[in-house]
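User: I should like a close look at one part of this model. Please examine one pair of packed helices, together with the loops beside them, and explain each term as it arises.

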Amino acid sequence: MKIGFCFTGEGARGAIQAGIVKGLDSIGIKPDMTIGISSGSICSASYSYLGPDGLFEMWGNIRNIFSVFGLNLNIITKTGLLNQKPMEKIVSNAMKNKPICESLVCKMNIETGEMNYVSNYLANKSDFMESVLASVAITGLVEDRNGWVDAGSRQLAPLKQAIELGCDKIYVIMGRPFSLVQWSKPNGIFRNAKMAFRALDIALYELMIRDINQFLKNKKIKSEIFLVEPTKFFYDSVDFKKCKEGVELGRNNFTILDKKEIKKSLINYHE
């Protein structure tokens, strides 16, 4: 049986995914390959080079948004408010090790909309690293990588690619519960930005539902699917100051849903 870990795009909640992976490892569930979208690409690539313990430690060391992004001082000539210099160091340090499994990351061309999955087993190290960074270049917020950006606006759960790579069991590793969590309208100076991020979060959730539904409705697919969700404590995708709490949350509080339970959750959501 070939096991695949499919990391959804979660932003700062990638820390929760890292904790879940460590928890899965403790009960003997280990991937033969990993694949990720958006921040899930960081989890996918880092797992390949660091393993579950290293991935857990990497996310636990993130203290705030400036642990992963810097201010773009060349905003007139470059896109995005932020650059990726801190993240470049994180990815470069991780990739000093030899990979323990294949990892795929996804990037999107902002001009054509083309999606490109890049494997660390097929690409050279510098090209793979560049693809990892492109996969988390959030359009409009983070500078693009020669026109390549985060592909989370097109896909959030890359199940199709995991199937094509021959995975018999696929674990979708999430950083949020598999339901739209109740949210309170914010106050304060940043309320407009928080409102916008909430709307984006809802849109991304719908995108993830679409990806999973496409898998469930295809009766020709023989692969098994499991969805792994956190069961306690929840924070926004931009709340990087909670990453240290997030890894512990993921490790100690998660549940595994099988295909029947996933379908039931989808029915309840649409009702």
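Analyst: The answer below begins with the whole chain and then turns to the pair of helices and the adjoining loops.

This is a predicted model, in which local features need pLDDT of at least 70 and side-chain atom pairs count only at pLDDT 80 or more, while totals for chains, interfaces and linings use all residues. Residues are numbered from 1 along each chain as its sequence is written, and side-chain values use heavy atoms, with hydrogens and water left out.

The secondary structure of the chain comprises 8 helices and 10 strands; helices (H or I, at least four residues) and strands (E, at least two) are DSSP runs, numbered from the N terminus. Of the 271 residues, 52% are buried. Here, buried means under 20% relative accessible area, exposed means over 50%, and partly exposed lies in between, with a 1.4 Å probe and protein chains only.

The pair chosen is helix H2, residues 39–60, and helix H7, residues 243–252. Their axes are 7 Å apart, and the helices pack at an angle of about 145°. Axes are lines fitted to C-alpha atoms, for helices over the stretch in contact, and angles run from 0 to 180 degrees between N-to-C directions. On the H2 side, the residues involved are Phe56, Trp59 and Gly60, which meet Cys243, Lys244, Val247, Glu248 and Arg251 of H7. Contact means heavy atoms within 4.5 Å. By class, the contact of H2 with H7 has 4 nonpolar, 1 polar and 3 charged residues. In this scheme Ala, Val, Leu, Ile, Met, Phe, Trp, Tyr, Cys and Pro count as nonpolar, Asp, Glu, Lys and Arg as charged, and the others, Gly among them, as polar.

The loops come next. Serine 38 is in the loop between strand S2 (33–36) and H2. Although serine 38 is not a glycine, its phi is positive, at about 55°. Serine 38 counts as buried because its relative accessibility is 12%.

Asparagine 61 is placed in the loop between H2 and strand S3 (70–71). Its relative accessible area is 48%, so asparagine 61 is partly exposed. From C-alpha to C-alpha, asparagine 61 and glutamate 114 are 33 Å apart in space, and they are 53 residues apart in sequence.

On the H7 side, phenylalanine 233 lies in the loop between strand S9 (224–230) and H7. Phenylalanine 233 is not a glycine either, yet it has a positive phi of about 60°. With 36% relative accessibility, phenylalanine 233 counts as partly exposed.
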